[in-house]
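Here is a guided walk through a protein model, written for someone new to reading structures. Keep the 3D view open and turn it as you read.

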Amino acid sequence: MQKKAITVSELYARFASGEDLSSLGPVFLEGWIRTNRDSGSIGFIALNDGTCFKNIQIVYNGNLPNHDVVSHLLTGASISISGTLVLTPEMKQPFEIHAEEVCVLGDVASDYPLQKKRHSFEYLREEAYLRPRTNTFSALYRVRSSLALGIHEFFQSRGFVYVHTPEITANDAEGAGQVFTIATTDKNGKLNDTDFFGRRASLTVSGQLHVEAFALAFRDVYTFGPTFRAEKSNTPRHASEFWMIEPELAFADLDDDMACMEECIKWCIRWVLEKCPDEMAFFDKMIAPGLLDKLNRVLATPFTKMEYTEGIEILKKAVADGHKFDDPDIFWGKDLGSEHERYLTEEVVKGPLFLINYPKEIKAFYMRENDDGKTVAACDCLVPGEGEIIGGSQREERYDILKAKMDKIGNTKGLEWYLNLRKYGGCIHSGFGIGFDRLLMYLTGVTNIRDTEPYPRTSSALKY
Ligand code: 4AD
Ligand code: MG
């Protein structure tokens, strides 16, 4: 067993609770150097031990037996420190450590890619394995971790049952043909067999179909896990692997569904503000000025609802009034691009927007057809800065209508079980999918999914 260090997060927590840390006695810490400056008689190390966003200041002087080594340590080196905690009420940080001993645990080579200065997001993407050691990414991935728990808390505290839907599946839930097919290889690594399961299998694009079956047993359920899409969309919002939260609510229509979405997004905002205040303050200051104001405004305002048809009229008018879209060809039946979604949520509504009742031709087969015969009870939740972060719908619960639709697109075979749910005690039910990595972009103001994902996967990019 290693000697146990006190963590920086514990020190800050005990200080915040009002404990008098001046009587703590000798302390022992371990961590990584963020910065080190030595003025000859006195030196300062900003140490981050990974347990919280904040650094702690280590003060050392010529009394250290290895002063010469310590004063030359570079950003990134790992060290341990034995010393005393000293309160510094007149300084920016409430306390610091006066070092009596500093041990070098892992020196850092001179080609270490992270320097004291600020690096660009693009540069750090190339060094994805080291970027968790930077302020931005340390904040981002701690918020990500906390938000995952927040999501579970939201659903579990409301009685939703968590279902582990499979990653390997035979269905292309969304019917968009963007699946990664599973194959085995022979011992030379040559592609061998795509028939391992006796039928074509792929990585899941959505757990929805499987989770629907559980909703018809448990009432309210959710799945939360990785999903995969072979889309070659080279945008800041698309990844080939992303995490999705997919709740499904029995005895619930589209309005119930949207109420749950709004409550969930607001819960997530409150969660990160409360659980990660240092990180959120950092994003507000360094990444997206105004972020905290924006999130607090969202908390205070009901989400707007708008018919797809009205959205099209507004977009047409915008084009007529001279607004420049890359794609200005707006017509009823169009699958809106991100620029159109963003116009509606940023320029028109200036906040989160539920766009509802889309033309059935541009939406997935499982969505419930409305009485007009033209639209389905679908909704996308659009947010400023990003566009779509949630897609949801009321599901088609009428056997005959769904079967006719599935027969038409030809996906009935293999999904008989899904259809059967409509004849074995079916009921009105609805659900949605939140892109977790996009939600994190929204909450932190980070503008590229390659940054909110620890190891992003996009086409032609698999370095780590
Ligand atoms: O709108 P989508 O395709 O809906 C579904 O998958 C439904 N089965 C959800 C449901 O009703 N249970 O995807 C849902 C969300 C999108 O709104 C978006 O946030 C995210 O998943 N998403 C992606 N995120 C990152 N990269 C991609 N390629 C994404 N595709 C969708
Ligand atoms: Mg969608």
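## Finding your way

Helices and strands here are DSSP runs, with at least four residues for a helix and at least two for a strand, and they are numbered from the N terminus. With that in hand, you can place Phe218: this residue belongs to helix α5, which covers residues 208-218. Please keep in mind that what you are looking at is a predicted model.

How exposed is Phe218? Its relative accessibility is 43%, so it counts as partly exposed, because that label covers values between the 20% limit for buried and the 50% limit for exposed. Try also finding Glu248, which lies 30 residues away from Phe218 along the chain. The C-alpha atoms of these two residues are separated by 9.9 Å.

## A closed barrel

Next, look for the strands that form a closed barrel. There are 5 of them, in the order β1-β2-β3-β5-β4, and their pairing is mixed. From one strand to the next, the twist averages 55°.

One pair in the barrel is worth tracing by eye. Strand β4 spans residues 78-87 and strand β5 spans residues 95-106, and the two pair in the antiparallel sense over 10 bridges. To see a facing pair, find Leu85, which stands opposite Ile97 in β5.

## An open sheet

Now turn to the other set of strands. Here 8 strands make an open sheet with mixed pairing, in the order β6-β11-β12-β17-β16-β15-β14-β13. Which strands stand at the edges? They are β6 (161-162) and β13 (304-307); each has a single partner strand, so one side of each is left without a neighbour in the sheet.

Further in, strand β12 (residues 241-250) and strand β17 (residues 429-435) are antiparallel partners joined by 5 bridges. Met244 stands opposite Gly435 in β17. Helix α4 packs on this sheet, where it touches β6, β11 (220-228), β12 and β17. The direction of α4 makes about 150° with that of β11.

## A buried strand and its partners

Is strand β15 buried or exposed? This strand covers residues 375-383, and 9 of its 9 residues are buried, so β15 is largely enclosed by the rest of the structure. Strand β14 (residues 353-359) pairs with β15 in the antiparallel sense over 6 bridges, and Phe354 stands opposite Cys381 in β15.

Strand β16 (residues 387-394) also runs antiparallel to β15, and 6 bridges join the two. For one example of this pairing, Asp380 has Gly391 in β16 as its bridge partner. The hairpin of β15 and β16 has 3 residues between the strands, and there Gly385 takes a positive phi near 90°.

## Ser393 and its surroundings

Stay with strand β16 and pick out Ser393, which is found there. The relative accessible area of Ser393 is 0%, so this residue is buried, since buried means under 20%. A polar contact of 2.6 Å links the side chain of Ser393 with that of Arg395.

What else is Ser393 in contact with, leaving aside its neighbours within four places in sequence? Its contacts include Leu254, Asp257, Tyr366 and Met367. Also among them are Ala377, Ala378, Ser430 and Gly431.

## Two helices that cross

Helix α4 (residues 135-156) also packs against helix α13 (residues 436-444), at an angle of about 120° and with the axes 11 Å apart. The crossing of these helices is right-handed. On the α4 side, the residues in the contact are Leu140, Val143, Arg144, Leu147, Ala148 and Ile151. On the α13 side, they are Phe436, Asp437, Leu439, Leu440, Leu443 and Thr444. Sorted by type, the contact of α4 with α13 has 9 nonpolar, 1 polar and 2 charged residues.

## Two positive phi values

Most residues other than glycine have a negative phi. Phe251 is not a glycine, yet its phi is positive, at about 55°. You will find Phe251 in the loop between β12 and α6 (254-275), and it is exposed, with a relative accessible area of 54%.

Lys350 likewise has a positive phi, of about 60°, although it is not a glycine. Look for Lys350 in the loop between α10 (338-349) and β14. At 63% relative accessibility, Lys350 is exposed.

How values were computed
Residues are numbered from 1 along each chain as its sequence is written. Chains are lettered from A and ligands numbered from 1 in the order in which they are written. This is a predicted model: local features need pLDDT of at least 70, side-chain atom pairs count only at pLDDT 80 or more; totals for chains, interfaces and linings use all residues. Side-chain values use heavy atoms; hydrogens and water are left out. Two strands pair if DSSP finds at least two bridges between them. Axes are lines fitted to C-alpha atoms, for helices over the stretch in contact, and angles run from 0 to 180 degrees between N-to-C directions. Buried means under 20% relative accessible area, exposed over 50%, partly exposed in between (1.4 Å probe, protein chains only). A crossing is left-handed if the near helix is turned anticlockwise from the far one by less than a right angle, and right-handed if clockwise. Contact means heavy atoms within 4.5 Å. Ala, Val, Leu, Ile, Met, Phe, Trp, Tyr, Cys and Pro count as nonpolar, Asp, Glu, Lys and Arg as charged, and the others, Gly among them, as polar. A polar contact is a pair of N or O atoms within 3.5 Å; within protein, one must be able to donate a hydrogen and the other to accept it, and residues adjacent in sequence count only if both atoms are side-chain atoms.
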